[in-house]
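Reader: I would like to go through this model term by term, asking in each case what justifies the word that is used. Could we begin with the sheets and then turn to single residues and the surface?

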Amino acid sequence: MRLLRSATAMKHRLALLCVLGSFLNSSISSSQFQRDGDYLLGGLFNIHHVTSPVDRKKPEAIHCSSHPFLLANYRMFQIMRFAVEEINNSTKLLPNVSLGFELFDHCSDIQSFPEIYKLISTEGLVHGRVKSHIHKNTSKVIGVVGAFSSTQTLTVAPLLMMDFMPMVSYGASSSVLSQKSVYPSFSRTVNPNAHVIKVIISIIKHFKWRWVAFLNSNNDFGIDGLEIFINMIEQTDICLAYTKGLDEKTNFSQLFKQIHEQKIHVLIVFAPNAYAEALIESAIHLNIKDKVWIGDDGWTLNRKLPRMEGIKNIGTVLGISQSKVTIPGFSDFVYNAKHHNQFEDEEQQEFCNQVCNCSNLSAEDVATADPSFSFSVYSAVYALAHALHSVLQCGVGTCDKSTAVYPHMVLAELKKSNFTLLNQVVQFDENGDPKFGSNSIVFWNKSGDAQEIGYYHFHTLSSFFINDTLIEWFTGGEVPSSVCSPECPVGYIKKPYEDYKCCFTCEMCPHGTYVNSTEDPFKCFFCAETEWSNEASTSCNQRSVEYITFTDTLAITLLLGACAFVAITIFISVLFAFNYNTPVVRSAGGPMCFLILGCLSLCSVSVFFYFDKPTTLFCILRFLPFILFFTVCIACFVVRSFQIVCIFKIGAKFPKIHNWWVKYHGQWLIITATFFTQALLVVIGYVTGPPKPYNETLLYPERIILLCDINANANSASVVLLLFLCSLCFIFSYMGKDLPKNYNEAKAITFCLLLLILSWIFFVTEYMLYHASSNVFGFGEIITQRLPSRRIHPEPHDPS
């Protein structure tokens, strides 16, 4: 009984050791998974793939062989074996040092831990778990190549980070892995997701697609790609109309129905090979037609899909792939391995419940399998080998084997990597991402091949190119469109709706505005004050500047008329002066005649300041002489009218008032008081609202008319006083209509006031016509200063 219990316990210990510590050894010869050497490299390859989590009731090893076999991944497995063999045969890299490996079928994203425990443990004790072993390297493994997927890497990386074990992934592209604070010893030889997404966006922009769907695997890789895509298209015209995470339970019929309802014609498939195959096969089965498919570098070089029956009906397939790099000697290595029966299952024993099931695999199958990530594996092995070369201080033909090698020492040299491999300079940036490599842009042609039509180089100036002529579109020639709303006509802005900037109505930009589609297609920009535009404009034109010059015909005519009027008043004044003591001059008013004639002459001075470019002084002198001296002139007429009425009507009834008027020269007091009152009002008006040059831009959109801005509110008191005097004058002169015939002066004043009213009516009418005409005041030639049309930016304009 004791012996039986001991045997049972031993059996359980062996099973547990298989789960926690043993490396994989399938029915492929054990030498393929393990090779002895002075130093070992670990390798994680998912030769099989567990598509869904295994439901287990107790701790047990995963039967990887019972899951689908991945030929492309098996090719990567052989690439690592070949690289190690090539390094061992080299006399320059690691001379007199043998490099070995321990490779594992890492078939599950989240449950393949035995191989990891094996890499970091010795005799069942996890390396580094005991304090005394922290600085003692009890394992010969100095670095790990892998894992392939992002989820696999994120799952196992923390275990390798404990002792700063260098981990160089050849396929994990999640951006999270660039965080050195979390993954200090992680590097990769494949471009991160951000680079692939950048290429996809460049393709979308190149063909002017705006309305797209993003179908991603519902795992770390796909979700990371979706987040990066959303962030990168924020400042573009691309709209993400639909997104869906793909997994084993995805309802493809419902997925394609929703895509059809939203009229999406471009589908981005960012998922591993297995998910992409399921999606494309469902599209063929559901008879999905006329779509553009854009794939990531994980499945676009798939050998099976381009040759499937009905694949041509789904539309046009474009994609990004790893640039094809031919690895010299690899094909010979594969055929030689087949020759020595290294692909046979004969006489091999199952170990740790894992079997390859690849006895029917030919060397040609491996050599011609999907070459994606082959160079990534090849360069990862060489990067670790070069790092070890530096740690061992290898020279010509020899290395210092006495040097104690720790993983963190290899990591330090790995970060400094700078060597040439197959014409590519292998280097890593501060995040452990590669500073080498490029992507090819491919198209699935009618022959079932992935034809290269362009490229994207990440580390050169000439980065992006597509040869459109090589693409055979499902439309027969035209590039398919994928938009929510058609582009607006020229001069129209976009008015978004449904929370999508790609879905919009079009609205015309009105007069005085323009649309700049490059800067902001959703906004009408105002032209500057010195510019104008018609409806639906994309630029503004410079306005013409208009004013009347002194050389204009109208100006000359008016100036000559003003001079003639001044000359006549001077002549009359001289004539009256010579005949001052005659009854005619005295009856006309005597001294007051000279005041009236002088004020009329000074009023005419204002005419000279209505021409040429307005200045502040010109604007003041346009109004000041006229309003001031014309007020005095009207005041004289008011006094004369009052005197006539006073003599014949007021004098008889109010003799005291008449006597006071005569005694104190009431007429001069009234005129003086009126002059100073008006002068005071003008000064107050000019202080509160001084006249200034003004650019009239509202009347005519294509012109700027140079005028004077006179503040009507500030000068209203002066105008009211003038109107009040005119009203008094008219009242007094009208009261004198019944006087004897030989006193006809009142009638003359009445007639003059009627002429004044008619002239103001003419002025107001002409002013109104001016606002509707094309010339200043409706007359004359206009000086025009024109500048060439130009596109402008909306900047604040200073009218001064």
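Author: Two strands are said to pair if DSSP finds at least two bridges between them, and strands themselves are DSSP runs of E with at least two residues, while helices are runs of H or I with at least four, both numbered from the N terminus. This is a predicted model, in which local features need pLDDT of at least 70 and side-chain atom pairs count only at pLDDT 80 or more, whereas totals for chains, interfaces and linings use all residues. Residues are numbered from 1 along each chain as its sequence is written, and side-chain values use heavy atoms, with hydrogens and water left out.

Reader: What makes β11 and β12 a pair?

Author: Strand β11 (residues 266-270) and strand β12 (residues 291-295) are joined by four bridges, and because at least two are required, the two strands count as paired; they run parallel. Within this pair, Leu267 has Trp293 of β12 as its bridge partner.

Reader: Which sheet holds these strands, and why are β10 and β18 called its edge strands?

Author: The sheet is open and has eight strands in the order β10-β9-β11-β12-β13-β16-β17-β18, with mixed pairing. The edge strands are β10 (239-246) and β18 (464-466), each of which pairs on one side only. From one strand to the next, the twist averages 20 degrees.

Reader: How do you know that helices pack on this sheet, and what do the angles of α6 and α9 refer to?

Author: Contact means heavy atoms within 4.5 Å, and helix α6 (residues 193-206) touches β9 (211-217), β11, β12, β13 (315-322), β16 (438-444), β17 (450-457) and β18. Angles run from 0 to 180 degrees between N-to-C directions, with axes fitted as lines to C-alpha atoms, for helices over the stretch in contact. On that scale α6 makes about 170 degrees with β11, while helix α9 (residues 273-285), lying across β9, β10, β11 and β12, runs at about 170 degrees to β12.

Reader: What is the strand order of the six-stranded sheet, and how is β1 joined to β3?

Author: That open sheet has the order β1-β3-β2-β6-β7-β8, again with mixed pairing, and its edge strands, pairing on one side only, are β1 (34-35) and β8 (186-188). β1 and strand β3 (residues 99-105) are antiparallel and share two bridges; since at least two are needed, this pair meets the criterion. One of the bridge partners is Phe101 in β3, matched with Arg35. Helix α12 (residues 374-391) lies across β2 (39-45), β3, β6 and β7, at about 160 degrees to β6.

Reader: Why is Asn423 called exposed, but Phe164 partly exposed?

Author: Buried means under 20% relative accessible area, exposed over 50%, and partly exposed in between (1.4 Å probe, protein chains only). Asn423 reaches 78% and is therefore exposed, whereas Phe164, at 36%, falls in the intermediate range and is therefore partly exposed. Asn423 sits in the loop between β14 (419-421) and β15 (424-426), and Phe164 in the loop between α5 and β7 (167-169). Each has a positive phi although it is not glycine, near 70 degrees for Asn423 and near 55 degrees for Phe164.

Reader: What makes the peptide bond between Gly146 and Ala147 a cis bond?

Author: Its omega is about 0 degrees. Ala147 belongs to the loop between β6 (141-145) and α5 (150-161).

Reader: Which residues form the nonpolar patch, and what qualifies Ile761 for it?

Author: A patch takes residues with over 30% relative accessible area and no salt bridge, joining nonpolar side chains (Val, Leu, Ile, Met, Phe, Trp, Tyr) within 5 Å and like charges within 9 Å; a salt bridge is a side-chain nitrogen of Lys or Arg within 4 Å of a carboxyl oxygen of Asp or Glu. The members are Phe730, Tyr734, Phe751, Leu754, Leu755, Ile757, Leu758 and Ile761, with about 770 Å² of accessible area together, as given by the Shrake-Rupley method with a 1.4 Å probe, only the protein chains shown counting as cover for residues. Ile761 has a relative accessible area of 48% and so is partly exposed, a value that also satisfies the patch requirement of over 30%. Ile761 is found in α21, the helix that gives the most to the patch, with six residues.
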